[in-house]
Amino acid sequence: MSVPNSLLVALIVMSIVFSCLIALSLLLKVQSLIFTYIYKNKTVKDTYEEIFIEREEVSNVINSPENNIELSTGELILKGVDEKTTALIMAIVSDELKIPLNELQFKSIKLINS
């Protein structure tokens, strides 16, 4: 195969690859627009109802007589840590120690910069 033919084949293959990448990019943009449209049209009332129903279900499970669930009480001091990270840390400690979370008592969780 001569050099001009090789360059022509390379050009054709590169154009095919770039057109596929552009098509994928456009597909992702359209998909993002569709999901954004669906999410924006979901009313606040629907979201509130979903949260309220989930909260009622959790409350029913906790308060049911057949579930002997004890809730831990106390105060936790957070120093430079957000609540999501705190919950994750508490869950990991509970899992590693093989002790239920309601039997553990955390005094404070502090972020240590290393």
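**View 1. Buried residues and the overall plan of the protein.** Buried residues, those under 20% relative accessible area (exposed means over 50%, partly exposed in between; 1.4 Å probe, protein chains only), make up 7% of the 114 residues in the protein. This is a predicted model, in which local features need pLDDT of at least 70 and side-chain atom pairs count only at pLDDT 80 or more, while totals for chains, interfaces and linings use all residues. Residues are numbered from 1 along each chain as its sequence is written, and side-chain values use heavy atoms, leaving out hydrogens and water. You can find 3 helices and 2 strands here, in the order α-α-β-α-β from the N terminus on. Helices (H or I, at least four residues) and strands (E, at least two) are DSSP runs, numbered from the N terminus. Of the contacts with a separation of 6 or more, 51% come from residues 24 or more positions apart; contact means heavy atoms within 4.5 Å. The accessible surface of the protein is about 10,500 Å² (Shrake-Rupley method, 1.4 Å probe; for residues, only the protein chains shown count as cover). Carbon and sulfur atoms hold 65% of that surface.

**View 2. A nonpolar patch on the surface.** Look for Met1, Val9, Val13, Met14, Val17, Phe18, Leu21, Leu24 and Leu27, which together offer about 940 Å² of accessible area. Patches are made of residues with over 30% relative accessible area and no salt bridge; like charges are joined within 9 Å, and nonpolar side chains (Val, Leu, Ile, Met, Phe, Trp, Tyr) within 5 Å. A salt bridge is a side-chain nitrogen of Lys or Arg within 4 Å of a carboxyl oxygen of Asp or Glu. Val9, one of the patch residues, sits in helix H1 (residues 3-41) and is partly exposed, at 39% relative accessible area.

**View 3. The two sides of helix H3.** The 15 residues of H3 (residues 83-97) should span 21 Å at 1.5 Å a residue, and the end C-alpha atoms are indeed 21 Å apart. That expected span is 1.5 Å times one less than the number of residues. Thr86, Met90 and Ser94 are buried in H3. Seen down the helix axis, the buried residues fall within an arc of 65 degrees, so they line one face; the arc is that of the directions from the axis to the C-beta atoms. They pack against strand E1 (77-79) and strand E2 (108-110). On the other side, Lys84, Leu88 and Glu96 are exposed.

**View 4. Thr86 and its contacts.** Thr86 lies in helix H3 and is buried, with a relative accessible area of 4%. Leaving aside neighbours within four places in sequence, Thr86 is in contact with Leu76, Leu78, Val81 and Ile109.

**View 5. Lys98, just after H3.** Lys98 follows H3 and lies in the loop between H3 and E2. Phi of Lys98 is near 55 degrees, a positive value in a residue other than glycine. Lys98 is exposed, with a relative accessible area of 67%.
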